[in-house]
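Reader: I should like to learn how the features of a protein model are read. May we work through one example together?

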Amino acid sequence: MVGNTYPYTIHDWIEDIELASSQSIDGFILNVGKEDWQKARVADCFSAASRIHVQFKLMLSFDMSSIPAGSPEDIGLICDYFHSFGHDPRMFRFRDKVLVSTFAGENSLPGLLVKESIESIVGSVHFMPSFFIDPALFPRMKCLDGAFNWNGGWPLHLTHHSPRHKIERCELDSDKTYLHHLVGSTYMAAVSPWFFTHYGPDSWNKNWIYHSDDWLFARRWEQLVSMRDQIDIVQVISWNDYGESHYIGPIKGAQPNSQAWVDGFSHEPWLYLNRYFATWFKEGHPPKITKDQIFMWARPHPKYAHSRESVPRPNNWELVEDKFWVIVFAKEPAKVKLYTDESTRKTQHVKAGVSKLFLELEPDKGMRAVMKRNGVIVAECNPRSFRFSSQPDRQRITLMPSLQCLGNCTQ
């Protein structure tokens, strides 16, 4: 989200690119909006990429919920980016064509007109927008070379009326619908660890949560790996969208008034977890586990906790479960104990490889995971500062449906 990088320097971009590249991410998709200053940040990003000796690519995605639609000035804004960066060697090309995407835009400027305008600058364009329309309409849209299924990473169909077994084993099958209507075209799938946003009517009026429990991030990646021969590109949502809580990069830059549910809540362990699955997707076989690790995350308050804040609980809050979720990387078989305190624990034996575990959280208690092999602790995650607080603090209440990501703890 370039909109969250207003105070960035080239050094900030270098740090982000080096970190992302080290975790098997191949490039950044730069979501740009209407503000003039965003182009300068994009220029800094391209400059930073040119200074790093890694094959890291950049791609432009135009946020059509921000860019006004319907005027020559809007086309000019989009084309200006390609006049400046369209021929840069860091620009991502797919099948020797500059890949261009959008967020929304199905009701904005005519796609064919935009595509032809960009092609007049850079030559061939591969246009893969995220249009929020019935995929059955894709074959009629002559501008499309493919499509990005932005919502595909979350089970949007679930509500609090859904049967519990459907929630716990939620299906993510919108890929099939997209692929059915994109025969002969390309497909970009989405994967994301989380989605929570908590803005009241006096701001962006966005207040909902998507079901992200039951190890959604890992399960979604496993699904994409199983159908990797049908998927051209996977986009991880997101690096730094703090307002919607699905960031996996460091907390830096500017925030869209999301500090209450972001500050102090690092999600970087998800970035390290992502590396394993991204490598598996690209290489076609799971990487060898060379280090015992524990990834663990939870919300900081029970879902029924009360507060005095004016913004109500987010829509779909009933879907969440008061559990902490654990993914274990084990070099060899081991025994894992999960605790909320010394009196509440669960012991499980895990095989070599990746295992998914959980334990019910208890109000005002903590969480801990210990992995032993032959009686010796080989990995432990023990966030001593974490308490599943039943009394949300007034200043931090919007953390209630957010997340504490406390993983990749090792011995």
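Reader: In what order do the three strands of the open sheet stand, and is the pairing parallel or antiparallel?

Author: Please keep in mind that this model is predicted. To read a sheet, one follows the strands from one edge to the other and notes how they pair. Here the order is β6-β7-β10, the sheet is open, and the pairing is parallel.

Reader: Why is one side of β6 and of β10 left without a neighbour in the sheet?

Author: One should look at how many partners a strand has. Both β6, residues 146-148, and β10, residues 233-236, stand at the edges with a single partner strand each, so one side of each has no neighbour in the sheet. As for the twist, neighbouring strands of this sheet are turned by 20 degrees against each other on average, with direction ignored.

Reader: How many bridges join β6 to β7, and which residue stands opposite G146?

Author: Three bridges join β6 to strand β7, which covers residues 186-191, and the two run parallel. Within this pair, G146 faces T186 of β7.

Reader: Which helix packs on this sheet, and which strands does that helix touch?

Author: The helix is α7, residues 216-226, and it touches β7 and β10. The direction of α7 makes about 160 degrees with that of β7.

Reader: Which strands form the antiparallel open sheet, and in what order?

Author: The same reading applies, from edge to edge. Four strands form this open sheet, in the order β14-β13-β16-β17. Its edges are held by β14 (344-350) and β17 (376-381), and each has a single partner strand, so one side of each is left without a neighbour in the sheet. The twist from one strand to the next averages 20 degrees. Seven bridges pair β13, residues 334-341, with β14 in the antiparallel sense. Across this pairing, L338 has K346 in β14 as its bridge partner.

Reader: How many salt bridges does the structure hold, and what is the distance from N to O between D292 and R373?

Author: One counts the pairs first, and then asks where the partners of a given pair lie. The structure holds 22 salt bridges. In the one between the side chains of D292 and R373, the distance is 2.9 Å, N to O. This pair links distant parts of the chain, 81 residues apart: D292 belongs to the loop between α8 (268-283) and β11 (293-298), while R373 belongs to strand β16, residues 368-373.

Reader: How many cavities of 30 Å³ or more are counted, and what lines the largest cavity?

Author: For a cavity, one reads the count, the volume and then the lining. The count is three cavities of 30 Å³ or more, and the largest cavity holds about 100 Å³ of space. Its lining includes F62, M64, I78, F127 and F131. By class, eight of the lining residues are nonpolar, four are polar and none is charged. Both β4 (97-103) and α4 (111-122) supply at least two residues of this lining.

Reader: Where does A104 lie, and what is notable about its phi?

Author: Backbone angles are read residue by residue. A104 is in the loop between β4 and α4, and its phi is near 70 degrees, a positive value in a residue other than glycine. One may also look at the peptide bonds: the bond from I237 to S238 is cis, with omega near 10 degrees. S238 is located in the loop between β10 and α8.

Technical notes: Residues numbered from 1 in each chain as written. Predicted model: local features only at pLDDT ≥ 70, side-chain atom pairs only at ≥ 80, totals over all residues. Heavy atoms only, no water. Pairing = 2+ DSSP bridges. Axes fitted to C-alpha atoms, helices over the stretch in contact; angles between N-to-C directions. Contact = heavy atoms within 4.5 Å. 1 Å grid on protein atoms, 1.4 Å probe; cavity = no way out; pocket = protein on both sides within 12 Å on 5 of 7 lines; lining within 4 Å. Points joined across faces, edges and corners; volume = space filled by probe spheres on them. Nonpolar A, V, L, I, M, F, W, Y, C, P; charged D, E, K, R; others polar. Salt bridge = Lys/Arg side-chain N within 4 Å of Asp/Glu carboxyl O.
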